[in-house]
Amino acid sequence: MIEIRNVSKIYPNGFRAVDGLSLSIPKGDLVVFIGPSGCGKTTTMRMINRLIAISTGEILIEGRNNQEIPAEELRRNIGYAIQQIGLFPHMTVSQNIATVPRLLEWDEGRIRRRVDELLELVGLDPDLYRDKFPRQLSGGQQQRVGVARALGADPPIMLMDEPFGAVDPITREILQDEFIQIQHAVEKTIVFVTHDIDEAIKMGDRIAILRDGKLVQYDTPETLLEKPNGRFVRDFVGADRQLKRLGLVGIRELLDKQVVRVYMDATAAQAKEVMEKNGVRSVFVVERETDILRGWVNKEALEVADSLLDAMHEAPYSDIAVRERATAREALSAMVARGFRVTPVVNREGRLVGTIRLEAIQELAIYNPVVPPQALGEATLNE
Amino acid sequence: MNSNHQFRVPVAVWGWLIAAILLFLGTFIRLEPNDVLLVLRRANPFELPHKSNPMLQIGENSRERLVLTYDICRGEADSDAPLTEQRYFDAANCDKVVRSGDTIWVRIVLENSAPISLTDFAVTDSIQGEIPIDDTCWHVDIPLRARPNPDAGWGGGQAGALPSQGDKAVCIYPHQVAGEIEDPLLYNMDVSFAIGEGEDAVAASIAASNFIHVFEDFPLSPEIWLPTFGTDNTTVIKINSTHIGLPVFLLALLFGGFELALAYFYRDTVNKLLQALVRAIGVFLIFWSFFGHEIFWDYLLGVLFPSALTRTGDIELLRPQNSVIGYAADHLELVIVSSLVIIPVGLLLGIFVTREENRDYLPFVNNLVNSGQTVPTIAVVAIMAPIIGIGFKPAVIALIIYGMLPVVRNTVAGLEGVDPFMKDSATGMGMTPTQVLFAIELPIASRVIMAGIRTSMVINVGTAALGAYVASGGLGDPIAAGLLRQVDPWIVLGAVPAALLAIILDYVLGRVEFVVTPRGLQIEQ
């Protein structure tokens, strides 16, 4: 729990980098500070671990004023990762990660175990990477080591200043996904600074938008996209904010589980009967035992064909279906790409679990139903 | 830890081996053939019957003269009339005769410039003057190149007879005189001659044959704490061709062995630090022993100034007062003593001005350091004379002033060059400013800082040569004296070792730089 109370940073020339900022960061949440350059987001973050002195106001960490804690002690209990990573080139990966544990004078055995544990957490094989030097690593691996180093002494709070800023977009995406998983496992209170709104929406439990040192809006990503507070925020989150919001919604609660289906070994007559009974013009075809989606068949084709297999459009599920863990945005994208008004949804094995209608997604965008936080977590975990 | 690496002999070992072979072959380099070195040596006085006689004393203050008379015979020893020469050697103050304990080294340049062999040469009369020789046993070591006919007896090659009791003539015996017919040439050994009588001659020759093992004046210059494997003039000024102090080739073999052992015992680790250090020390010692290898310098002078060598009377001029290694040791002492001050002070100054709170001084120090380099070196040295006087101290102070600049400049550059994000993340993780300095800044800057120290020391090898103008000693001395008196060999004996010293120092410090640079920084991205 970090409590920022009416904090200002005034430079000697009178410039107010941060101006009367107040916000509170709940324990275990990842709060993203975002805003244009010079908005004071990094300054605010650096005031939390006193790398920059506060001019007025106070910052409470777990109820204690951070000015009362000796600066070094304070910083050793707050993980710190920056965009430039700042890995020490003369130290091995394990020495880098062990920086804070060494400062805290842990014993060597504990440090070694902790280093291996962290390397595994960030997805690097300890035996391969422990004794490498930073210059032997790729940019993505360096970022991972940077994160591992920030987690070094298991601090309850972490400050991250664009920690994935220095890598290519594909690697960044992978690192973000991994970090979300790590955060689910470690549940730190994290202050995350970025200027990338997509990253903020993806990563943040809450997003604080700053402008000229002042807080403009502090809300969950959904609220921010749904009810932007004024023109600045609206512009900042972008014209496609509804689309972005769909990206936060999992498709599970939009799922229509009553799917009309026929089995592959059915006859053409049986299929026609199913269609008539349900009043539809086409049905999905699945395997009998496994329920794996194999294609679809429509009424017109059945009229002229001899058997169901002749009439069906055969297609692997990976081509026509979306996964059940996809977001509404991905489902919409798939429908637009394939020209479907209804898309099948399959689980990991390819079993047909339901369908999504285009109207359902449109309704979601228009009526803004409240999305439970559970769904959000699962939606972003999607691979 | 069991190795899964195949052990391979490092290339450097072959390098050392080749060096050893070359150096060994180099020991067969000889002086000009008409330059004969006589070693008059009192055989072990404690084992001879005439113990009553005090050791030979030619005091530094005495004006006693050593008179040596010898014959030079041409052609058949008994047919031609011997040409007898009588030469006087001022024992106290002449670099042709140098006394060291019981040994007197006499260098004779034969005026007849045609090559002779020792068949032609014999000491016919004794050492005269006030030196009592009648009951002292002497022997004469004659280098390999100039050896007598083993069949020859004494007195200009006449075969035969032993001297009788009381005979004052100098007897020259092949050293296995006691009936054993062995060809000294075959054994590649020095031939010893004894001046004495009867049994003493045998004893003397045995003692002389032991001479090759005697390193009683193993030189260790106490002022500088560096072993000088060569010789310097306070101990022995001339050595026989086969006696090169501690033979350099053995040294080369030793370091080859070291490298092999290190490579073997550390084959499992990637640690190359020890090898680098061993090689640096080895290369330094090899070259250092060359400084003491007077034969080498004689040979060099002989090649460069062939006429000077043979001209009568020029021999004194060929060599300056001190030996090469003596000058080199003085020189190195100047450089090392000044660096002992430069390195800590320069580092502290560089660290001081790069601290956040002292930033105000940085431009001032930067300007001072940069403009300091434009001051001519000779000006820095010369200005010391009117201020402090002459000698070692003013030279060292001048070296400190001049050598400080690269150290400070590189320390500042190295520390300023540390990525600010590195310092930011170190501080952000809770390091104190001192911890940031020692754990992050200095290691990252170490390569640049060490390069500054290396530059400083190598520059100071050059600057120290100018120290001769304030009479500091060192390799500048023979250069300055040679220029003044127009003696080219002196200039060569100062300039060549000075250049060599700068190159060796640069190499050694380069290895040190490699050792102090953290491994992680040696990997190129």
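# A tour of chains A and B

Select strand β12 (residues 282-286) and strand β13 (residues 293-298) of chain A: the two run antiparallel and are joined by 5 bridges. The model you are looking at is predicted. Show side chains at A:Phe284. Across from A:Phe284, in β13(A), stands A:Trp296.

Now widen the selection to the whole sheet. β12 and β13 are the inner members of the order β11-β12-β13-β14 in chain A. This sheet is open, has 4 strands and shows mixed pairing. Colour its edges next. They are β11 (261-263) and β14 (313-314) of chain A, each of which pairs on one side only. Strands in a sheet are held to one another by backbone hydrogen bonds, in parallel or antiparallel fashion.

**The start of chain A**

Go to strand β1 (residues 2-10) of chain A. Which strand pairs with β1(A) over 6 bridges? Select strand β2 (residues 16-25) of chain A; the pairing is antiparallel. To find the register, pick A:Ile4. A:Leu23 of β2(A) stands opposite A:Ile4.

Follow the backbone from β1(A) into β2(A). These strands form a hairpin, with 5 residues between them. Stop in the turn at A:Gly14, where phi is positive, at about 95 degrees.

Keep β1(A) selected and add strand β4 (residues 56-61) of chain A. β1(A) and β4(A) run antiparallel, joined by 5 bridges. Here the pair to label is A:Ile2 and A:Ile61: A:Ile61 belongs to β4(A) and stands opposite A:Ile2. So far, β1(A) has antiparallel links to β2(A) and to β4(A).

Stay on A:Ile61 and add strand β5 (residues 64-65) of chain A. β4(A) and β5(A) are antiparallel, with 2 bridges. The bridge partner of A:Ile61 in β5(A) is A:Arg64. A:Ile61 thus appears twice on this stop, opposite A:Ile2 and bridged to A:Arg64.

β4(A) and β5(A) form a hairpin too, with 2 residues between the strands. Select A:Glu62 there. Its phi is positive, near 50 degrees.

**Across to chain B**

Hide chain A for a moment. Chain B has 16 helices and 10 strands. Of its 525 residues, 40% count as buried. Look at contacts in chain B with a separation of 6 or more: 76% of them link residues 24 or more positions apart.

Select helix α11 (residues 377-388) of chain B and find B:Met384 in it. Is B:Met384 buried or exposed? Buried: 24 other C-beta atoms lie within 10 Å, and 20 is enough for that class. Leaving out residues up to four places away in sequence, B:Met384 touches B:Pro394, B:Ile397, B:Ala398 and B:Val470. Draw a distance from B:Met384 to B:Val396 as well. The two are 12 residues apart along the chain, and their C-alpha atoms are separated by 9.8 Å.

**Two helix pairs around α12**

Select helix α10 (residues 362-372) and helix α12 (residues 392-416) of chain B. Their axes are 9 Å apart, and they pack at an angle of about 140 degrees. That angle makes α10(B) oblique to α12(B). The crossing is left-handed.

Show the side chains of this contact. From α10(B), pick B:Val365, B:Asn366, B:Val369 and B:Gly372. From α12(B), pick B:Leu405, B:Val408, B:Arg409 and B:Val412. By class, the contact holds 5 nonpolar, 2 polar and 1 charged.

Drop α10(B) and add α14(B). How far apart are the axes of α12(B) and α14(B)? They are 8 Å apart, and the packing angle is about 155 degrees. α12(B) and α14(B) are therefore roughly antiparallel. This crossing is right-handed. The residues in contact divide into 14 nonpolar, 9 polar and 2 charged.

**Last stop: where the chains meet**

Bring chain A back. The contact between the chains takes 21 residues from chain A and 19 residues from chain B. On the chain B side, select α13 (420-428) and α14 (433-465), the elements that give two or more residues. α13(B) gives the most, with 6 residues. Colour this side of chain B by class: 10 residues are nonpolar, 7 polar and 2 charged.

Methods. Residues are numbered from 1 along each chain as its sequence is written. Chains are lettered from A and ligands numbered from 1 in the order in which they are written. This is a predicted model: local features need pLDDT of at least 70, side-chain atom pairs count only at pLDDT 80 or more; totals for chains, interfaces and linings use all residues. Two residues are in contact if their C-beta atoms, placed from the backbone, lie within 7 Å. Ala, Val, Leu, Ile, Met, Phe, Trp, Tyr, Cys and Pro count as nonpolar, Asp, Glu, Lys and Arg as charged, and the others, Gly among them, as polar. A residue is buried if 20 or more other C-beta atoms lie within 10 Å of its own, exposed if 12 or fewer, and partly exposed in between; C-beta atoms are placed from the backbone. Two strands pair if DSSP finds at least two bridges between them. Axes are lines fitted to C-alpha atoms, for helices over the stretch in contact, and angles run from 0 to 180 degrees between N-to-C directions. Angles under 35 degrees count as roughly parallel, over 145 as roughly antiparallel, 65 to 115 as roughly perpendicular and the rest as oblique. A crossing is left-handed if the near helix is turned anticlockwise from the far one by less than a right angle, and right-handed if clockwise.
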